[in-house]
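Hello,

Here is the structure I promised to pass on. Please open it first, then read my notes below.

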Amino acid sequence: MQRTAILGAIGLLAVAAVSSCTTPARHSPQSLNLFAWSEYVPWSVIDGFTRETGIAVNYETYASNEEMLAKLISGAQRYDLIQPSEYTAEALIKERRLMPIDWSKVPNIRNVGAQYQHLRHDPDQQYTVPWMVGSVGIVVNTAKVADDIKGYADVFREPHKGRIVVINDPREIVSWALATIGKDPNDVTPETLAQIEPLLRRWLPLVKVYDSDSPKTALLNGDVDLGIVWSGEAALLYRENPRFRYILPAEGAHQFIDSLAIPANAANPDAAMAFMNYILRPEVSRLISAEFPYTNPNLEARKLLSAAELANPASYPPGDPRLVTFGDIGPSAVQIDKLVTDLKAAS
Amino acid sequence: MRTTATAFAAPVGPSRPPTPTAWLLIAPLVLWVAVFVVAPTLIMLVYSVSTRGTLGGVVFGFTLENYAALLDRTYLYIIVRSIGFAAITTAICLLAAYPAAYRIGRAAERWRHRLLMLVMIPFWTSFLIRTYAWVTILKNEGPLNGLLVHYGLIGEPLELLYTSGAVVLGLVYTFLPFMILPIYASVEKLDPALVEAALDLGAAPLRAFWKVIVPLTAPGIRAGVLLVFIPALGIYAVNDILGGGRVDMIGNIIENQFKGTARNWPFGSALAVVLILAFALAFWLTSAQEAAEHRGAEEPAVTVP
């Protein structure tokens, strides 16, 4: 999904470049520069917001948190609203790059479940509005894999060699190994990395495909039978065919929380807060869920979902899974990248 | 009669200093090169000696540690492997493109343009979409495996997608036109009388090919080799889509430093500088060869009795 989005982003950039020449007053109260993940904000929501408020939305997209950061800190463009994941929001808050939200302008925050607020990335709930919540878990094609898969250790076994797709993200890959040896996924130090190295050295040669853009493709095409993927991808697979079962690993899984936040240098924070309040309305939030079946943190919106939507185990996992959010790990990210690059080259 | 064919291909005009009008005419090009080539390269050089910023970006300074980090088994392996893939791609492209370009170049006038059009038609579709089309063709339950199994040529579907072979196939497919077009341009200029003369004077077809046709089309071959090798060395999308991203190419490593977990712009810049040096080396090697041939042209290389 993200690669097509890059093309989309280039297109939007071109449009933005042209419109910046023709409309000098783009930072008037009548426009909102939204910089968000590709394939994550339905056009019906953007159009509805513009119809109601008269505020035009410039929707520019990115495919990774780091790509967003790169453009944000380059300062080439001022954005009113960004959509960071929890660990990126934490880093931005630490660096004082976000603007506090005036909750009197966003009263609909009350619709968001208490379990999704005051988390480690924004302990005082000052800067972020939860957008969607998801997890990274295991997908099994039950028509091809008979064994009972409970966790990472069951996926990375010799009989599954060449039958596994995983998302191509060193931070995620390392977190699975950390969870397997009983460590917190945020406990990234040279010592813990040395501890998981032998495990990853065994695991990575078993992987057939690394794909963050659309890991569901290799599963749907029958090229692989197991995967560790975003829950939204798993939900779409399940919708396509219920033989694709989503399992949250017993060792613990990453729960990501994507939020809306306002950059400190935003030109139009009022429009940004109006947008936040708009998407928190149950009937609007419901539209987002229909298109992107992640876990909706808006409990009032959940009441409007169909029984089938709520029964999708990838969107609303049953039971009480162990979920951990990611924290900002600072420069350790370089070591993670190196470790996974080394092991991939060696496998 | 003592000469080689290349002498015909290298007319040397009188050199004069450019007039003010000439400067005016090339000013837009100079400006373009300054803004879009020189400036970004300088920025990259500066970044490559800086240190990593917290959120990405760089903290300016002077350090060589980003270059030191390159002297590492993994990165050297990845660089060598990337060069290998680019070289194999270039070789296959050359072998496949030469006969095609030659045939198109020697075709009758009214056919030539239609055939050239066929070479260029794929460009009407996005490169990514064409690459994803190969995923559909090569996948386990795809049409290629389906056909082979249907006709009993294989019992089980072959593992075609997500292999090194698929990566090379994708690279050759992507870059073939870049080899065909410059060779075609050289072939078109080739004077058939020279080939006939060689044959009339007793050269066997193979000898005529090596001694007359190849030297006369060498400029096209060199241009094609550069046009294929250089982008093939930096491209990473084909590796991701058709290779399953299992082994990184140098392009992947650079991408990861900017858009991935590491957020290490200085190191990414250092890698990019090395890649530019590799390009410069490839360019220098081909032009050195060209210069050598020109020098050789003044010597009696072929003596046709």
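This is a predicted model. I start with the domains of chain A. The assignment gives two: domain 1 covers 2-131 + 257-311, and domain 2 covers 134-255 + 317-346. Their centres, taken over C-alpha atoms, are 27 Å apart.

How many residues of domain 1 of chain A are in contact with domain 2 of chain A? The count is 15, and they meet twelve residues of domain 2. On the domain 1 side, α1 and α4 (86-94) of chain A each give two or more residues. α4(A) gives the most, with five residues. By class, that side of domain 1 has seven nonpolar, three polar and five charged residues.

Next, the contact between the chains. Chain A brings 31 residues to it, and chain B brings 28 residues. Five elements of chain A give two or more residues each: α1 (2-22), α3 (65-74), α6 (170-180), β6 (207-210) and α14 (332-346). Which element has the largest share of the chain A side? That is α14(A), with eight residues. The chain A side divides into 14 nonpolar, five polar and twelve charged residues.

One of those contributors, α6(A), deserves its own look. Eleven of its eleven residues are buried, so α6(A) is largely enclosed by the rest of the structure. The buried residues include A:Trp176, A:Ile173, A:Val174 and A:Leu178. Charged side chains are on the list too: A:Arg171 and A:Glu172 are buried. Just after this helix, A:Gly182 takes a positive phi of about 80°.

Now chain B. It has 13 helices and two strands. Its C-alpha atoms fill a box of roughly 70 × 70 × 35 Å along the principal axes. Of its 305 residues, 31% are buried. Take the contacts in chain B between residues at least 6 apart in sequence: 73% of them join residues at least 24 apart.

One helix of chain B is worth finding on screen. Helix α2 (residues 20-48) bends by about 45° at B:Ile26. A proline, B:Pro28, follows within four residues. Is α2(B) well covered or hardly covered? It is hardly covered: two of its 29 residues are buried. Set that beside α6(A), where eleven of eleven residues are buried.

Best wishes

Definitions and conventions: Residues numbered from 1 in each chain as written. Chains lettered and ligands numbered in written order. Contact = placed C-beta atoms within 7 Å. Nonpolar A, V, L, I, M, F, W, Y, C, P; charged D, E, K, R; others polar. Bend = angle between axes of the 7 residues up to and from the residue. Buried ≥ 20, exposed ≤ 12 C-beta atoms within 10 Å, placed from the backbone. Domains from an automatic or database assignment.
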